[in-house]
Amino acid sequence: MALIVHKYGGTSMGSTERIRNVAKRVAKWARAGHQMVVVPSAMSGETNRLLGLAKELAPAKPAEAYHRELDMLAATGEQASSALLAIALQSEGVQSVSYAGWQVPIRTNNAYTKARIESIDDDRVRADLQSGKVVIVTGFQGVDEDDNITTLGRGGSDTSAVAVAAALKAQECLIYTDVDGVYTTDPRVVPEARRLQTVSFEEMLEMASMGSKVLQIRSVEFAGKYKVPLRVLSSFTPWDIDLDEEAKSGTLITFEEDEQMEQAIVSGIAFNRDEAKISVLGVPDKPGIAYQILGAVADANIEVDVIIQNVSKDGRTDFSFTVHRNDYAKTIDLLKEKVLPGLGVQEVVGDAKICKVSIVGIGMRSHVGVASKMFRCLSEEGINIQMISTSEIKTSVVLDEKYMELAVRALHRVFDLDQPAAA
Ligand code: ADP
Ligand code: ASP
Ligand code: MG
């Protein structure tokens, strides 16, 4: 008997029929003797629907007060799906109770719409588990120290699940979704993509942070920090398949590099069109400039990704970086109002129609020429690279958004990802 956390994404919870199916699956695990905690997302489309309503009514210059209400609103999606799942379990004859984030409580900081989990009080959940109940904890949300409801960023239910698993020292956290595991790239973009049986934690971290939305990056960070065994698998298999078979299906995120993984130089391709590029032109090339620009951006809680500073000419240079598209207008305004005047610079330009494509693989550490193979492939497709960034196990390029699919498909082919890995 073990304590297991299941997480079900929006599509898996998308209708009462699907919720019933989830309840039957969870009931199967509970009847096999496991203590079960389940973290559901809102029913598919619900978070978008709610945020769409808010957008219709939003003030011209949204401030913190608006973001607070967005979280109040969006958190209701998970509250509804959690209660529905508890009801469906009761219909299966399984005792169950659902809790919103604030009832657990899951404490977060106060960064509305992208809050970070700080602590989880497990007393209430443990007491229910002891009394034989299945406990449902809403995904995506928490509560700050002033009892304001917060949400964890899009896709945040993955992080709720892993954090709950870490707090409860669960034996495993199973992320049930609408694909049957982690693939070499998004199978919806490249139908030839292959499912990986295992993927190393480090590769998964890079893939998630480079845009593979199958797992939210923070969930992978949590799994790494607390060594939570994590598996991604399908919720679309028949609920009554053999439990042991189900428990071994999908993709396991491993903390050790096995031999097979060392053979693959590139394990996956991630892409992301959620970013926008901003360039501050004619910046005086002197100490402290990067800090003046990016410090102000960081203070506004805006995350910066790829950064480039050009060679200076006549003591001036151009400074470019990317931010999330949602932060694009806010960053430009912030630079114009607070940063440019202090620098004696007038011009800031931006491009929201970009994408980032990344190749990821632990094998890149020990192989040279991987990045140049990527660049050659893109040049053969006639695709211009706007920015490049690298780490030990990944190379990313920023491209015009219109080339994204072409680039991903070409790279998938060039790195032989559609071929079964050598045995
Ligand atoms: P959920 O609602 O279950 O959280 P998401 O839509 O957030 O599901 O994530 C699952 C989706 O992630 C898949 O449907 C797939 O299109 C996409 N995806 C992107 N990259 C990958 C990848 N490398 N492997 C598998 N799925 C991926
Ligand atoms: N419902 C939230 C979203 O759509 C959280 C999640 O699905 O993980 O982003
Ligand atoms: Mg998701």
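Met387 has Val398 as its bridge partner in strand 20. This pair belongs to the antiparallel arrangement of strand 19 and strand 20 (residues 394–400), which are joined by 5 bridges. The model is predicted, and the points below cover two open sheets, two ligand sites and the annotations recorded for the chain.

**Sheet containing strands 19 and 20**

- Strands 19 and 20 are part of an open sheet of 4 strands, ordered 13-18-20-19, in which the pairing is antiparallel.
- At the edges of this sheet are strand 13 (268–272) and strand 19 (387–391), each of which pairs on one side only.
- From one strand to the next, the twist in this sheet averages 20°.
- In general terms, the strands of a sheet pair through backbone hydrogen bonds, in either a parallel or an antiparallel manner.

**Sheet containing strands 14 to 17**

- A further open sheet has 4 strands in the order 15-16-14-17, again with antiparallel pairing.
- Its edge strands are strand 15 and strand 17 (348–351), and each of these pairs on one side only.
- The average twist between one strand and the next is 20°.
- Strand 14 (residues 275–284) pairs with strand 16 (residues 316–324) in the antiparallel sense, over 8 bridges.
- Within that pairing, Ile278 has Phe321 of strand 16 as its bridge partner.
- Strand 16 also runs antiparallel to strand 15 (residues 304–309), and 4 bridges join the two.
- Val304 is bridged to Val323 in strand 16, while Ile308 stands opposite Ser320 in strand 16.
- Strand 15 and strand 16 form a hairpin with 6 residues between the strands, and in this hairpin Asp314 adopts a positive phi near 55°.

**Recorded ACT domains**

- An unreviewed UniProt entry lists residues 278–357 and 359–423 under "domain: ACT".
- Over residues 278–357, helix accounts for 34% of the chain and strand for 38%.
- The C-alpha atoms at the two ends of residues 278–357 are 18 Å apart.

**Site of ligand 1**

- Ligand 1 has 17 residues around it, of which Thr177, Asp178, Tyr183, Asp186 and Arg188 come nearest.
- By class, the shell around ligand 1 comprises 6 nonpolar, 6 polar and 5 charged residues.
- The side chain of Lys7 places an N or O atom 3.0 Å from an oxygen atom of ligand 1.
- Gly10 contributes through its backbone, with an N or O atom 3.1 Å from an oxygen atom of ligand 1.
- Tyr183 has a polar backbone atom 2.8 Å from a nitrogen atom of ligand 1.
- On its own, ligand 1 has 580 Å² of accessible area, and the protein covers 90% of this.

**Site of ligand 2**

- The residues surrounding ligand 2 are Ser41, Thr47, Glu78, Phe140, Arg154, Gly155, Gly156 and Ser157.
- This shell divides into 1 nonpolar, 5 polar and 2 charged residues.
- Gly155 has a backbone N or O atom 2.9 Å from an oxygen atom of ligand 2.
- A polar backbone atom of Gly156 is 3.4 Å from an oxygen atom of ligand 2.
- For Ser157, a backbone N or O atom is 3.0 Å from an oxygen atom of ligand 2.
- Ligand 2 exposes 260 Å² when taken alone, and 87% of that is buried by the protein.

**Recorded binding-site positions**

- Under "binding site", the unreviewed UniProt entry lists Thr47 and Glu78.
- These positions are spread over 32 residues of sequence, yet they cluster in space, with a largest C-alpha distance of 8.7 Å.
- Both Thr47 and Glu78 are among the residues surrounding ligand 2 in the model.
- Thr47 lies in helix 2, which covers residues 46–57.

Technical notes: Residues are numbered from 1 along each chain as its sequence is written. Chains are lettered from A and ligands numbered from 1 in the order in which they are written. This is a predicted model: local features need pLDDT of at least 70, side-chain atom pairs count only at pLDDT 80 or more; totals for chains, interfaces and linings use all residues. Side-chain values use heavy atoms; hydrogens and water are left out. UniProt positions are given in the numbering used here, feature names are shortened, and annotations may be inferred rather than shown by experiment. A residue is near a molecule or strand if one of its heavy atoms lies within 4 Å of it. A polar contact is a pair of N or O atoms within 3.5 Å; within protein, one must be able to donate a hydrogen and the other to accept it, and residues adjacent in sequence count only if both atoms are side-chain atoms. Accessible areas come from the Shrake-Rupley method with a 1.4 Å probe; for residues, only the protein chains shown count as cover. Ala, Val, Leu, Ile, Met, Phe, Trp, Tyr, Cys and Pro count as nonpolar, Asp, Glu, Lys and Arg as charged, and the others, Gly among them, as polar. Two strands pair if DSSP finds at least two bridges between them. Axes are lines fitted to C-alpha atoms, for helices over the stretch in contact, and angles run from 0 to 180 degrees between N-to-C directions.
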